[in-house]
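I opened this entry to look up two things: how the protein copies are arranged, and how the protein meets the DNA.

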Number of protein chains: 2
Amino acid sequence: MRKEKRAEQRETLRRELDARGAHMTSQRAAVFDYLGQVEHHPSAEEVYLAVKRKLPKISLATVYKNLEKLVECGVASKLSYGDASARYDIRTDHHYHTRCLGCGSVHDFDSAQGLELLRQIAPADGFTVKDYRLELLGHCRKCSR
Amino acid sequence: MRKEKRAEQRETLRRELDARGAHMTSQRAAVFDYLGQVEHHPSAEEVYLAVKRKLPKISLATVYKNLEKLVECGVASKLSYGDASARYDIRTDHHYHTRCLGCGSVHDFDSAQGLELLRQIAPADGFTVKDYRLELLGHCRKCSR
DNA sequence: ATTCTTGCAAAAGATTTGCAAACAA
DNA sequence: TTGTTTGCAAATCTTTTGCAAGAAT
């Protein structure tokens with residue numbers, strides 16, 4: 001990822017933290033940066049192990065607290081719809097996920113017409129749709145052989 | 001639900017159990033029947049509490065084991081994409097769910113054109129789509145006031 | 001100076017497992 | 001009779017919480 005992009009993301013984070021009277025800490029920044037660096041959507045455990053390499057003293061509880069804070073600030077989202085642990089995603093714009101039935105990996109995919117098509121699927125009877133969650137289950141390139 | 005339908009479901013269960021050398025027990029039947037009776041998608045805990053009224057000696061572990069076995073037999077499915085505990089659903093045909101952001105309830109909804117529309121959303125690059133999971137988040141009739 | 005965050009350990013909630021006795025085939 | 005299932009308790013896994021010390025504003 002380009003440097004400008006990272007700086008821009010950091011600014012957004014700072015703004016959102018300020019708006020809530022929250023502080024910026026090295027642990028929080030590290031968790032945030034890691035989410036921004038990886039292509040996939042890691043579990044809290046994975047974030048912990050990764051950030052630990054830079055900040056050996058960090059605890060798993062701190063990682064959980066920070067992930068929750070990031071979601072609260074709207075700079076990350078939690079993908080709880082898996083079988084095991086929750087995954088975290090730095091994107092908050094509308095997109096969907098693929099989940100490999102072989103290795104369990106979760107990845108993004110975008111669809112230009114997606115939202116429009118989903119709107120056509122919406123039910124009527126009294127339910128007000130606020131958001132869509134779409135996950136494609138199948139096999140990734142590696143696992144399909 | 002009509003009696004014939006219940007009997008038909010039981011037959012399917014029996015067939016699938018036999019095919020796997022599994023046994024039919026009163027606990028297993030009770031768990032299965034409860035799933036077939038309710039309109040919503042209960043958690044293991046709820047199934048446990050309900051079945052306990054008929055079989056006071058049943059344990060939560062047994063309920064978990066049976067729910068897993070039913071999924072394994074293809075006569076129920078597990079809806080793990082929530083924030084808290086998993087939900088179980090006796091339907092295995094293709095349909096979708098609504099999840100209320102207010103009360104957390106999960107319900108079915110069918111869509112005639114759904115599958116066709118979803119196919120149009122599918123990504124290309126090396127991912128083989130086996131199934132779709134679509135959940136609509138919003139507010140049910142009760143919670144939207 | 002004040003408020004927030006950290007790290008630790010303990011707690012909590014959901015689910016799984018080991019095992020001897022009970023049950024279904 | 002043989003293999004499966006049950007019920008119990010203990011174990012496991014993920015996530016949350018209480019709290020005193022440390023860091024950010």
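Through which surface do the copies, chain A and chain B, meet? I found that 100% of the interface residues of chain A are also interface residues in chain B, so the copies meet through the same surface. Contact here means heavy atoms within 4.5 Å.

Before going on, I noted that this is a predicted model, in which local features need pLDDT of at least 70 and side-chain atom pairs count only at pLDDT 80 or more, while totals for chains, interfaces and linings use all residues. Residues are numbered from 1 along each chain as its sequence is written, chains are lettered from A and ligands numbered from 1 in the order in which they are written, and side-chain values use heavy atoms, with hydrogens and water left out.

Next I looked up the symmetry. Chain A superposes on chain B by a rotation of 179° with 0.0 Å of shift along its axis, at RMSD 0.2 Å (least squares on the C-alpha atoms of residues with pLDDT of at least 70 in both). That is the relation of a two-fold axis.

Then I turned to DNA strand C. I found 22 residues surrounding the strand, the closest being A:Gln27, A:Arg28, A:Lys65, B:Arg14 and B:Tyr64 (near means a heavy atom within 4 Å). Of the strand C atoms within 4 Å of the protein, 77% belong to sugar or phosphate and the rest to bases.

I listed three polar contacts (pairs of N or O atoms within 3.5 Å). A:Thr25 places a polar side-chain atom 2.9 Å from a phosphate oxygen of strand C. The side chain of A:Gln27 has an N or O atom 2.9 Å from a sugar or linking oxygen. For A:Lys65, a polar side-chain atom is 2.8 Å from a base oxygen.

Methods: Polar contact = N/O pair within 3.5 Å; in protein donor to acceptor, adjacent residues only side chain to side chain.
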